[in-house]
Structures are given as structure tokens and as C-alpha cells.
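This briefing is meant for a reader who is meeting this structure for the first time. It begins with a single residue and then widens to the chain, its core and its ligand.

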Amino acid sequence: AAAAAYEAEDATVSRGRVDANHAGFTGSGFVNYDNSAGSYVQWTVDAARAGRVTLKLRFANGTPADRPMDIIVNGAPAADDRAFAGTGSWASWSTATVTTDLRAGTNIVRATATTADGGPNVDHLAVDTAPTTGSTPV
Ligand code: GCU
């Protein structure tokens with residue numbers, strides 16, 4: 001199924017900035033979170049129908065320490081303190097996945113740093129609508 005991509009640099013950013021100084025990002029850059037708890041990136045995601053999806057957050061963390069974030073969907077936690085562990089360098093990007101339900105129409109997805117180090121660098125959010133149950137649509 002299609003995975004629609006939403007660039008972080010096009011999203012709403014609270015306490016962070018758009019940078020492009022580490023290679024490998026999609027679009028025109030990535031968000032460098034301020035090193036503070038509560039900094040966030042927030043995307044508006046339109047879903048054609050209600051249902052389960054996989055959120056795929058592409059990130060880099062060039063430190064050895066986790067950069068934990070809460071993933072909040074329509075105001076409710078979809079993942080608490082997800083680690084966003086070190087990726088080896090700021091130019092090495094990994095994808096973290098979170099399964100959640102979206103409603104038809106507009107959804108708000110926010111990735112909020114939970115420690116004083118702030119979030120990792122975040123490249124984009126992709127929303128994969130592939131079935132997660134393994135059943136074949138009829
Ligand atoms: C470095 C790096 C940034 C990163 C920051 C951080 O300054 O160049 O891209 O965001 O560390 O620790 O968050």
C-alpha cells in the first residue's frame with residue numbers, strides 16, 4: 001500500500017529549527033529539535049478512511065544516548081517514551097514504527113521530546129496504510 005510522506009520541515013515545529021547540514025534527508029532538510037523537553041514536531045495527516053496504520057518516523061541520532069519521544073495521535077499517546085536510540089552518526093538515518101488508528105479526515109500526529117536532550121533529528125513521517133493484521137482484503 002502507499003506510504004504517504006510528510007516532511008518534518010513542512011510541519012509545525014515548536015522549539016526546533018530546520019537544518020540541512022547532515023546528508024541523507026528527504027525533501028529540503030530535517031528538524032533539529034532544541035535540546036529541551038517538550039520540543040515537538042506536529043504533522044497534519046489526512047486519512048481517506050478510519051483504520052489502523054503504521055507511522056514511520058525517519059530520524060538520526062548521532063549520540064550514544066537515547067532521544068526519547070512520545071508519539072501523540074489526536075491528543076492520545078500512541079507510543080510513550082519511544083527510545084530513538086543512537087544511529088551511529090547524524091547522517092545515518094533509521095526508521096521507527098508506531099502502529100495506531102487514524103480517523104477519517106484530519107489527524108494530528110505530534111512527536112514530543114521527553115528529556116532535556118530534546119528529540120533526535122527528524123526527517124519525515126510516512127503513513128503506511130498496509131494492513132497490519134496479515135489478512136487478505138476480500
Ligand atoms: C549537533 C548536530 C545537530 C543535532 C544536535 C543535537 O549539534 O549537528 O544536528 O540536532 O547535535 O544534539 O541535538
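In this predicted model, Asp-101 counts as partly exposed, because 14 other C-beta atoms lie within 10 Å, a count between the limit of 12 or fewer for exposed residues and that of 20 or more for buried ones. Asp-101 belongs to strand β9, and, once neighbours within four places in sequence are left aside, its contacts are Gly-51 and Arg-52. Asp-101 and Asp-10, which are 91 residues apart in sequence, have C-alpha atoms 23 Å apart in space.

**The chain as a whole**

- The chain contains 0 helices and 11 strands, so that, read from the N terminus on, its elements follow the order β-β-β-β-β-β-β-β-β-β-β.
- The radius of gyration of the chain is 14 Å, which agrees with the value near 14 Å that a compact globule of 138 residues would have.
- Taken along the principal axes, the box filled by the C-alpha atoms of the chain is roughly 45 × 25 × 25 Å.
- Of the 138 residues of the chain, 31% count as buried.
- Among the contacts in the chain with a separation of 6 or more, 73% are between residues that lie 24 or more positions apart.

**The annotated domain**

- An unreviewed UniProt entry lists residues 4-128 as "domain: CBM6".
- In the model, this span of residues 4-128 is 0% helix and 57% strand, and the C-alpha atoms at its two ends lie 7 Å apart.

**The surroundings of the ligand**

- Which residues are found around the ligand? They are Asp-19, His-22, Asn-32, Asn-35, Trp-90, Gly-118 and Asn-121.
- By type, the residues of this shell divide into 1 nonpolar, 5 polar and 1 charged.
- Asn-121, one of the residues around the ligand, has its C-alpha atom 9.5 Å from that of Val-18, although the two residues are 103 residues apart along the chain.
- Val-18 lies in strand β3, which covers residues 16-19, and it counts as partly exposed, because it has 16 C-beta neighbours inside 10 Å, whereas a buried residue needs 20 or more.
- Apart from neighbours within four places in sequence, Val-18 is in contact with Glu-9, Gly-29 and Val-31.

**The nonpolar core**

- In soluble globular proteins, nonpolar side chains tend to be buried together.
- The largest nonpolar core of this chain has 27 residues, of which Val-41, Leu-55, Ala-111 and Val-122 touch the most other members.
- At least two residues of this core come from each of the strands β4 (30-33), β5 (40-47), β6 (51-60), β7 (69-73), β10 (105-113) and β11 (121-128), and β6 gives the most, with 5 residues.
- Leu-55, one of the core residues that touch the most other members, has Ile-71, Thr-97, Val-98, Thr-100, Val-109, Leu-125 and Val-127 as its contacts when residues up to four places away in sequence are not counted.
- Val-98, which is among the contacts of Leu-55, lies in strand β9 and is partly exposed, because 17 other C-beta atoms lie within 10 Å and the limit for a buried residue is 20 or more.
- Leaving aside neighbours within four places in sequence, Val-98 touches Leu-55, Ile-71, Ala-78, Ala-79 and Arg-82.
- Val-98 and Thr-54 are 44 residues apart in sequence, while their C-alpha atoms are 5.6 Å apart in space.

**Two residues with positive phi**

- Asn-74 has a phi near 50°, which is a positive value in a residue other than glycine, and it lies in the loop between β7 and β8 (76-82).
- Phe-84 likewise has a positive phi near 50° in a residue other than glycine, and its place is in the loop between β8 and β9 (94-102).
- Is each of these loop residues buried or partly exposed? Asn-74 is partly exposed, because 15 other C-beta atoms lie within 10 Å, whereas Phe-84 counts as buried, because it has 23 C-beta neighbours inside 10 Å and the limit for a buried residue is 20 or more.

Definitions and conventions:
Residues numbered from 1 in each chain as written. Predicted model: local features only at pLDDT ≥ 70, side-chain atom pairs only at ≥ 80, totals over all residues. UniProt positions renumbered as here; feature names shortened; annotations may be inferred. Helix = DSSP H or I, 4+ residues; strand = E, 2+ residues; numbered from the N terminus. Near = placed C-beta within 6 Å. Nonpolar A, V, L, I, M, F, W, Y, C, P; charged D, E, K, R; others polar. Rg over C-alpha atoms; globule rule 2.2 N^0.38 Å. Contact = placed C-beta atoms within 7 Å. Core = buried A, V, L, I, M, F, W, Y, C linked by C-beta atoms within 7 Å.
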